[in-house]
Amino acid sequence: MRRKRSGRSLVETDAPDEMSREIEARLGVRRRFYERALVVFALVEVGISAPAAWLNPTLSRHILAGCASAILGTAVVAWWAYKVRESALYERAGRTLLRNR
C-alpha cells in the first residue's frame, strides 16, 4: 500500500522484510551521497591548501594541519547526519509496525 506523506511516497506495510529492504535502499542512496560529497570536499580542500603550503613553506605544516582537520571534521558531521537519518528511518518503521498490531 502506498501513501503520500510530505510529498514523498512511503511504503507502509505489515511485512518487515519489505520495510527492511526499503530502509536499506534509502540508506544506500544517502551513504553514496555523503561519500561523494566528502570526496569532492576533500579534493577542493587539498586543491586550495596544497598550493598555499607550497608557496609558503614556513606555514606549510599549519596549512596542511588545518586542511586535515577540516576534512576530518566534515567527515564526522557527515557520519553523524547519516546516523541520525538511519535512526529516524528505523524509528518510523518501528512505529508503523507497532501501530499495525
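**View 1. Lysine 83 and glutamate 86 are joined by a side-chain salt bridge in this predicted model.** The N to O distance of the pair is 3.1 Å, a salt bridge being a side-chain nitrogen of Lys or Arg within 4 Å of a carboxyl oxygen of Asp or Glu. Both residues belong to helix H2 (residues 60–99), where they stand three residues apart, about one turn of the helix; helices (H or I, at least four residues) and strands (E, at least two) are DSSP runs numbered from the N terminus. Lysine 83 counts as partly exposed because its relative accessibility is 34%, whereas glutamate 86 counts as buried at 19%. These classes take buried as under 20% relative accessible area, exposed as over 50% and partly exposed as in between, with a 1.4 Å probe and protein chains only. Numbering starts from 1 along each chain as its sequence is written, and side-chain values use heavy atoms, with hydrogens and water left out. Because the model is predicted, local features need pLDDT of at least 70 and side-chain atom pairs count only at pLDDT 80 or more, while totals for chains, interfaces and linings use all residues.

**View 2. Arginine 95 and glutamate 91 form a salt bridge within helix H2.** The closest N and O atoms of this pair are 2.9 Å apart, and the two residues, four apart in the helix, are separated by about one helical turn. Arginine 95 is exposed, with a relative accessible area of 52%, while glutamate 91 is partly exposed at 43%. An α-helix has 3.6 residues a turn, so residues three or four places apart point the same way.

**View 3. Glutamate 22 and arginine 26 meet in a salt bridge in helix H1.** Their side chains come to 2.9 Å, N to O, and the residues lie four apart in helix H1, about one helical turn. Glutamate 22 counts as buried, with a relative accessibility of 19%, and arginine 26 is partly exposed, with a relative accessible area of 23%. By the rule given for the first view, the count comes to three salt bridges.

**View 4. Helix H1 spans residues 16–55.** The 40 residues of H1 reach 58 Å from the first C-alpha to the last, close to the 58 Å expected at 1.5 Å a residue, where the expected span is 1.5 Å times one less than the number of residues. Among the buried residues of H1 are Gly28, Ala42, Glu45, Ser49 and Ala53.

**View 5. The largest nonpolar core has nine residues.** Its members are Met19, Ile23, Leu27, Tyr34, Ala78, Ala81, Tyr82, Leu89 and Ala93; a nonpolar core is a set of buried Ala, Val, Leu, Ile, Met, Phe, Trp, Tyr and Cys residues joined through side-chain atoms within 4.5 Å. The elements giving two or more residues to this core are H1 and H2, and H2 gives the most, with five. Alanine 93 touches Met19 and Ile23 when residues up to four places away in sequence are not counted, a contact meaning heavy atoms within 4.5 Å.

**View 6. The protein as a whole holds two helices and two strands.** From the N terminus on, its elements run β-β-α-α. Buried residues make up 24% of its 101 residues, and of the contacts with a separation of 6 or more, 63% fall to residues 24 or more positions apart.
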